[in-house]
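Subject: Handing over a structure, with notes on what was found

Dear colleague,

I am passing the structure below on to you, and my notes on it follow directly after. Please read them with the structure open beside you.

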Amino acid sequence: MFPASEPLLPADVAQPTGFLHTLLTMSLTAVAVLRPLYDATHSVIEDFAWVYLNAAGQRMLQQPERPAASLRMLFPAAQADGVFATCCRAYETSELQRHHTNYQADGLDGYFRLVAQRYENVLVVNFTDTNDQPRTPVEQALRDTQAAEQAARAEAEAQRQRFYEVLMALPAPVATYQGPDHVYHFVNAAYRRYFPAQDLPGRSLRQVLPEAEEQGVLALLDHVYQTGEPSYQQELEVWLDHTGQGQQRRQFFLNLCFYPLRDAQGRIDGVLDFSYDVTEQVQARRHLEELNQELEARVQKRTRQVQQQSQRLARLVQEAPAAIALLGGPELVFELLNDDYQALFPERPLLGRPLLAAVPELADTPLAEVLQKVYRTGETFEGQESPVPFADPDGQVRNRYFDFIYQARYNEFDAIDGLVVFGFDVTERVRRRQHTEGLQTQLLAAAEQRGQLRQEVLKVFQQAPLSVLVLRGPAHVVDYINDYGQGLIAGREVIGQPLAEAMPDMLAQGFVALLDQAYRTGETQRGHEVRMLVDQADGQPPRPYYFTFTYQAYEEAGQRVGVAMFVTDVTAPVLARQQTERLQAELLRVAERRAQERDDLYQVVAQTPVAVLLLREPAHRIDYYNAAFLDVFPPEGWAGGELLGRELAEIYPRMRAAGLVKLLDEVFATGVSQTVLEMPLAELQPGSPRYITLAYQPYREQGRIVGVAALAYDATEQVLARQQVQLLNEQLASTNLGLNTANTQLTHANADLDTFIYTASHDLRMPVANLEGLLAALRQELLDEPVIKRDVEFIMGLMDESIKRFQTTLGHLTSIIEQQANGLRREPLDLAALVAEVQLDLAPLLAEAQGELLVDVQACPILHGSPKDVRSIVYNLLSNALKYRAPGRPARVQLLATCDAQWAELRVQDNGLGLSSAQQSQLFGLFTRLHDHVEGSGVGLYSIKRLIDNRGGTITVESALGEGSTFRVRLPL
């Protein structure tokens with residue numbers, strides 16, 4: 001800063017002498033001489049230096065005659081208060097400038113009035129304050145009220161500081177924006193972490209995150225700022241660049257809370273941003289959903305494959321030349337059977353019935369125990385030509401013979417859940433063999449005894465249902481072959497030929513060697529289901545056949561002469577059994593692949609941080625759970641061992657009480673997913689402070705709902721943070737409401753204090769001056785001789801009148817303060833009775849005016865308010881109507897009261913002097929008097945307007961000069 005260009009001060013300023021020096025020294029008001037200080041351009045005044053401060057100024061400002069520091073350095077608040085601007089304006093314009101201020105800063109506390117004017121190159125300032133005058137009770141009451149309001153404001157500021165500290169410590173990002181452009185005003189530490197390289201305060205959100213506008217975030221903020229309606233957004237997806245350098249945007253999911261902020265007058269001036277980052281939770285849930293969808297897709301794919309395999313297996317089962325059945329559960333209920341199995345029981349329904357209920361004749365046979373043993377142990381049982389009792393339709397039980405296999409069936413948990421039965425009806429074969437063996441025994445015995453019966457035996461062979469060949473000699477020349485055997489060799493001519501020549505394939509496959517051994521040793525040779533490749537007549541590759549055979553040597557006259565061959569073709573049942581075994585192996589491979597895929601998926605789910613639970617069947621039996629599930633839901637009080645296979649409600653009974661089992665039932669029944677958001681875990685675990693979000697999804701196998709997948713996410717941190725912010729919002733709203741009230745009261749109090757100090761110094765000066773003059777006159781009269789009693793009494797009367805006016809003014813001011821201090825008290829009151837009391841008080845005035853007062857309050861008999869206040873309103877309006885009557889006509893005043901659902905209206909109409917438009921604008925000012933011919937203080941209308949305003953009402957006036965006025969008062973009921 002630089003001093004003014006004029007280096008020299010005026011002579012009478014530099015060294016005041018004589019009268020000027022005496023005047024400045026003894027003056028009761030302060031006088032200061034200031035020199036302007038300019039900026040570097042010498043065009044703008046930046047401050048003032050002190051040239052001189054008289055004794056009164058030194059006392060008021062507590063400064064020396066020439067303070068070393070400049071004006072703004074000593075009194076920084078002078079800039080905001082307007083004192084500095086007044087001084088600058090006075091110096092620059094050379095015109096007299098005035099300024100009144102209640103200066104309560106920089107160590108000063110008083111009402112100051114100052115005038116300033118330039119004198120050559122200095123500024124002369126004359127000012128005074130009220131600090132030397134004793135404060136009246138009214139002024140002290142106002143100052144006490146002001147002190148209380150300031151204390152309230154300090155407390156509110158302390159609450160704001162606590163609120164600030166809490167917001168800074170929150171783990172969630174919090175920011176506040178100011179103005180319609182959403183300029184950053186406050187950001188906490190958690191918010192700053194997202195912008196490590198950017199300085200946020202003072203910049204708009206549009207500047208920091210321009211991409212937020214195109215994604216609709218700024219539109220949400222604009223809506224909150226314009227309407228005052230909070231905005232809540234759950235898991236809003238945004239792509240942001242926090243670096244502000246145009247780098248690649250990152251994906252975020254945010255729970256947004258935008259809350260409007262208001263100033264002391266209740267106007268929206270900003271927005272609170274509480275944005276909770278839930279990206280990890282959303283991505284975890286989406287990852288799990290993708291896993292679930294992948295699982296569903298894989299299950300559906302495997303289901304289709306299994307369906308195709310099942311259909312293929314079903315066709316194979318139906319086409320297999322064997323009786324096949326699937327039995328389920330410990331009661332061995334028929335779940336599937338092919339036509340060959342059903343054909344064994346042509347008149348019995350089997351599907352869906354337990355084995356022993358459908359085939360009761362098995363109950364007392366060893367087969368029933370064998371079936372149960374296989375179900376218990378899993379050990380496969382094979383039966384060869386075993387007799388099985390069958391009940392005919394006539395009730396008679398007959399045995400049939402079967403080759404069969406009982407094999408255990410396993411579910412995906414590697415537990416036995418049924419049996420697979422493969423059966424081949426070999427009754428005819430057994431009976432043929434039995435018959436053949438009997439015939440063989442008879443024939444051989446007969447051959448030994450009666451060679452002559454050979455032809456008859458051959459006839460018997462011819463009728464046997466198996467191939468019979470009689471070979472003679474060591475070369476095994478075919479001596480006989482029956483028709484059944486002839487059909488087996490496809491009509492080839494073999495009689496009289498060695499068997500090795502007639503059927504070379506038997507020689508190559510070792511069958512002739514067995515004939516040699518039987519012929520040589522006489523030992524019977526047997527083969528069971530022996531495979532033999534037989535050449536085809538059409539040139540096709542050899543075809544495999546299976547035979548059961550007996551080679552038995554025979555004698556004539558005690559000499560071994562040949563070998564008899566008894567051959568049974570068992571190709572069909574062997575091939576059927578092999579096909580059945582292949583089907584069973586394929587089923588086992590499918591089950592193993594499904595189990596491996598399930599294990600792979602479980603490994604993925606086991607590592608996710610989200611609690612996962614798979615439930616099967618309508619009873620919701622636990623099929624799978626990961627470690628995260630046990631962390632959230634430890635089975636407290638459960639002593640039943642392993643959880644798998646148990647019903648959920650059995651282990652967690654509180655889940656049923658909380659309605660979660662019912663929700664599982666609904667998902668299982670309808671296939672519609674369900675979600676439970678932010679459920680207090682205390683409902684399931686008393687005392688737990690945690691919150692969880694649950695998601696239930698059906699899962700299917702082969703297109704059918706078989707269970708429910710339950711997912712649980714820990715939402716504790718999110719819920720607690722939101723609750724804390726909601727609490728802080730409520731505290732902030734309460735604090736703002738208190739501040740609004742305190743600010744309003746403080747504004748009124750300051751305005752009243754300013755007005756009071758001004759009016760007290762102005763309106764009370766005259767009564768005090770009058771008293772001083774009268775006292776001087778009285779003193780003069782008393783000193784003069786002789787004393788005239790009449791003159792003294794006259795002066796004393798004038799003094800009494802001045803004192804009364806002084807007391808009246810103070811009384812009115814005290815009434816105004818009491819209105820502010822008493823607040824609002826309401827009670828029901830009888831309006832007609834109250835008006836009647838006022839009429840009695842106004843009777844003398846009404847008689848003096850020779851006027852007419854008309855009252856109609858029947859439409860609103862009861863009001864709610866303070867009787868004193870309502871009486872003051874009615875009295876002031878009616879008395880003013882009578883006092884300010886027109887001199888040329890009788891006074892006519894009317895009081896009318898009406899009510900509706902919310903308001904009561906009092907209307908006072910007169911035909912008095914009336915008011916001009918200019919007078920109407922000044923009517924309700926404190927100490928305002930528009931007519932001097934009637935005594936008054938100018939406080940009455942001001943006082944009742946304050947009463948009405950404080951109670952949320954209104955007062956208006958309609959008037960025409962020379963015609964009269966109508967006052968309308970509206971009060972809330």
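In this predicted model, Arg-970 and Glu-905 form a salt bridge in which the closest N and O atoms are 3.8 Å apart. Arg-970 belongs to strand β33 (residues 964-972) and Glu-905 to strand β31 (residues 903-910), so the salt bridge ties together parts of the chain that lie 65 residues apart in sequence. The two partners are covered to differing degrees, because Glu-905, at 16% relative accessibility, counts as buried, whereas Arg-970, with a relative accessible area of 30%, is partly exposed. The pair also belongs to a wider arrangement, since Glu-905, Glu-958, Arg-968 and Arg-970 are linked in a network of salt bridges.

The structure as a whole holds 25 salt bridges, and two others may be worth following in the viewer. One of them joins Arg-429 to Glu-385, with 3.1 Å between the closest N and O atoms. This pair links distant parts of the chain, as Arg-429 sits in helix α16 (residues 427-449) and Glu-385 in strand β14 (residues 381-391), 44 residues apart. Arg-429 has a relative accessibility of 11% and therefore counts as buried, and Glu-385, at 19%, counts as buried too; the cut-off that matters for this reasoning is that buried means under 20% relative accessible area.

The other joins Arg-577 to Glu-529, and here the closest N and O atoms are 2.8 Å apart. Again a helix and a strand are involved, with Arg-577 in helix α22 (residues 571-606) and Glu-529 in strand β19 (residues 525-534), so that the pair links distant parts of the chain, 48 residues apart. Arg-577 counts as buried at 17% relative accessibility, and Glu-529 is likewise buried, with a relative accessible area of 15%.

Turning to the aromatic residues, a search of the whole structure finds 19 aromatic pairs. One of these is formed by Tyr-341 and Phe-345, whose rings are 6.1 Å apart from centre to centre and whose planes make an angle of 40 degrees, which makes the pair a tilted one. Both Tyr-341 and Phe-345 are buried. They are also members of one aromatic cluster, which is formed by Phe-334, Tyr-341, Phe-345, Phe-390 and Phe-402.

Phe-390 in that cluster has a charged neighbour as well, for Arg-400 lies over the face of Phe-390, at 5.2 Å from the ring centre. Elsewhere in the sequence, Arg-72 lies over the face of Phe-84, and the distance to the ring centre is given as 5.2 Å there also.

To set these details against the whole chain, you will find 34 helices and 33 strands in it. Of its 973 residues, 43% count as buried, and the chain exposes about 51100 Å², of which carbon and sulfur atoms supply 53%. If contacts with a separation of 6 or more are considered, residues 24 or more positions apart account for 54% of them.

With kind regards

Notes: Residues are numbered from 1 along each chain as its sequence is written. This is a predicted model: local features need pLDDT of at least 70, side-chain atom pairs count only at pLDDT 80 or more; totals for chains, interfaces and linings use all residues. Side-chain values use heavy atoms; hydrogens and water are left out. Helices (H or I, at least four residues) and strands (E, at least two) are DSSP runs, numbered from the N terminus. Buried means under 20% relative accessible area, exposed over 50%, partly exposed in between (1.4 Å probe, protein chains only). Contact means heavy atoms within 4.5 Å. Accessible areas come from the Shrake-Rupley method with a 1.4 Å probe; for residues, only the protein chains shown count as cover. A salt bridge is a side-chain nitrogen of Lys or Arg within 4 Å of a carboxyl oxygen of Asp or Glu. Rings of Phe, Tyr and Trp (its six-membered ring) pair if their centres lie within 6.5 Å; planes under 30 degrees apart count as stacked, over 60 as edge-to-face and the rest as tilted. A charge sits over a ring if NZ of Lys or CZ of Arg is within 6 Å of the ring centre and within 35 degrees of the ring normal.
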